[in-house]
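Please read the following explanation with the sequence and the structure at hand. It proceeds from one residue to the helices, the metal site and the charged pairs.

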Amino acid sequence: MNRLKYISAYPDHLQQQIKTLMDKDQLSHYLLKRFPEPHKINNDKALRDYVNQIKKTYMKKSGALSKIQYDNKIHLVNNALGMHSYVSRVQGNKLKSKNELRISTLFKTAPLELLNMICVHELAHIKEKEHNKAFYQLCQYMLSNYHQLEFDARVYLTQVEFLGDIY
Ligand SMILES: [Zn+2]
């Protein structure tokens, strides 16, 4: 099992830093220092309000989301970071595409900063399906330190999967 899989695309020195913290059993301490408390957005209604507020602020013109919810079927191994689904359904004789935004329940007890990051990531996918330059520009527009927080989210997932919850 590769314990660095969530951060494997980052420079060696960053991976090494996290590995050292894991080896010294200090990763949860490191995360708690950065993120002392979990957020309180712990149900689907609160999540919907939270996501819609971000959307209203930055992506007002994009089409409405048909569903916003926590999803416990998104497991870490299936890549909790990035589960946007564009469901095509046949309703009557019409094919309808829906924008659904699902956030892994793993983020239910995460720091607010990381919930913010994952919501921004999924919202950006309404406009940009691929992880390309335009996608990351949109993420940064909504959250200026997006890149740092995506790294932090990956470190957080590493902690939760291999070492357990921090709160
Ligand atoms: Zn994605």
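T158 is found in helix α6 of this predicted model. With a relative accessibility of 1%, T158 counts as buried, because the term applies to residues under 20%. Beyond its neighbours within four places in sequence, T158 is in contact with R3, Y6, M22 and L163. The chain also brings K5 towards this residue: T158 and K5 are 153 residues apart in sequence, but their C-alpha atoms are 8.1 Å apart in space. Within the chain there is a polar contact as well, since a polar atom of the T158 side chain lies 2.7 Å from the backbone oxygen of R154.

Helix α6, which spans residues 146–162, also takes part in an aromatic pair. A search of the whole structure finds four aromatic pairs. In one of them, Y136 and Y146 are 6.1 Å apart, centre to centre, with 50° between the planes, and the pair is tilted. The two residues are 10 residues apart and belong to separate elements: Y136 lies in helix α5 (residues 133–142), and Y146 lies in helix α6. What is the relative accessibility of Y146? The value is 0%, and Y146 therefore counts as buried. Y136, at 22% relative accessibility, counts as partly exposed. Together with F135, these two tyrosines form one aromatic cluster.

Helix α5 deserves a closer look. Its residues F135, L138, C139 and M142 are buried. Seen down the axis of α5, the buried residues fall within an arc of 100°, so they line one face of the helix. Which exposed residues does the face turned away from the buried side carry? They are K133 and Y141. The cover over the buried residues of α5 includes α3 (44–58), α4 (112–127) and α6. At the start of α5, a side-chain oxygen of N132 comes to within 3.3 Å of the backbone nitrogen of A134.

The next topic is the metal site. The zinc ion is coordinated by the NE2 atoms of H121, H125 and H131, at 2.1 Å. Along the chain, these donors follow the spacing H-x3-H-x5-H. H125 is buried, with a relative accessible area of 0%, whereas H131, at 46% relative accessibility, counts as partly exposed.

The charged residues remain to be considered. Side chains of opposite charge can pair when their charged atoms come close. A search of the whole structure finds eight salt bridges. In one of these, K19 pairs with D23, and the closest N and O atoms are 2.8 Å apart. Both residues lie in helix α1 (residues 12–23), four residues apart, which is about one turn of the helix. K19 is partly exposed, with a relative accessible area of 34%, and D23, at 48% relative accessibility, also counts as partly exposed. R3 joins K19 and D23 in a network of salt bridges; R3 is also among the contacts of T158.

Another salt bridge links K45 and D49, with the closest N and O atoms 2.7 Å apart. Because K45 and D49 are four residues apart in helix α3, about one helical turn separates them. K45 counts as partly exposed at 48% relative accessibility, as does D49 at 43%. Are the partners R102 and E100 buried or exposed? Both R102 and E100 are buried, and their side chains meet in a salt bridge of 2.8 Å, N to O.

Definitions and conventions. Residues are numbered from 1 along each chain as its sequence is written. This is a predicted model: local features need pLDDT of at least 70, side-chain atom pairs count only at pLDDT 80 or more; totals for chains, interfaces and linings use all residues. Side-chain values use heavy atoms; hydrogens and water are left out. Rings of Phe, Tyr and Trp (its six-membered ring) pair if their centres lie within 6.5 Å; planes under 30 degrees apart count as stacked, over 60 as edge-to-face and the rest as tilted. Buried means under 20% relative accessible area, exposed over 50%, partly exposed in between (1.4 Å probe, protein chains only). Donors are N, O and S atoms within 2.8 Å of the metal (3.2 Å for Na, K and Ca); water is not among the atoms, so sites may look incomplete. The arc is that of the directions from the helix axis to the C-beta atoms. Contact means heavy atoms within 4.5 Å. A polar contact is a pair of N or O atoms within 3.5 Å; within protein, one must be able to donate a hydrogen and the other to accept it, and residues adjacent in sequence count only if both atoms are side-chain atoms. A salt bridge is a side-chain nitrogen of Lys or Arg within 4 Å of a carboxyl oxygen of Asp or Glu.
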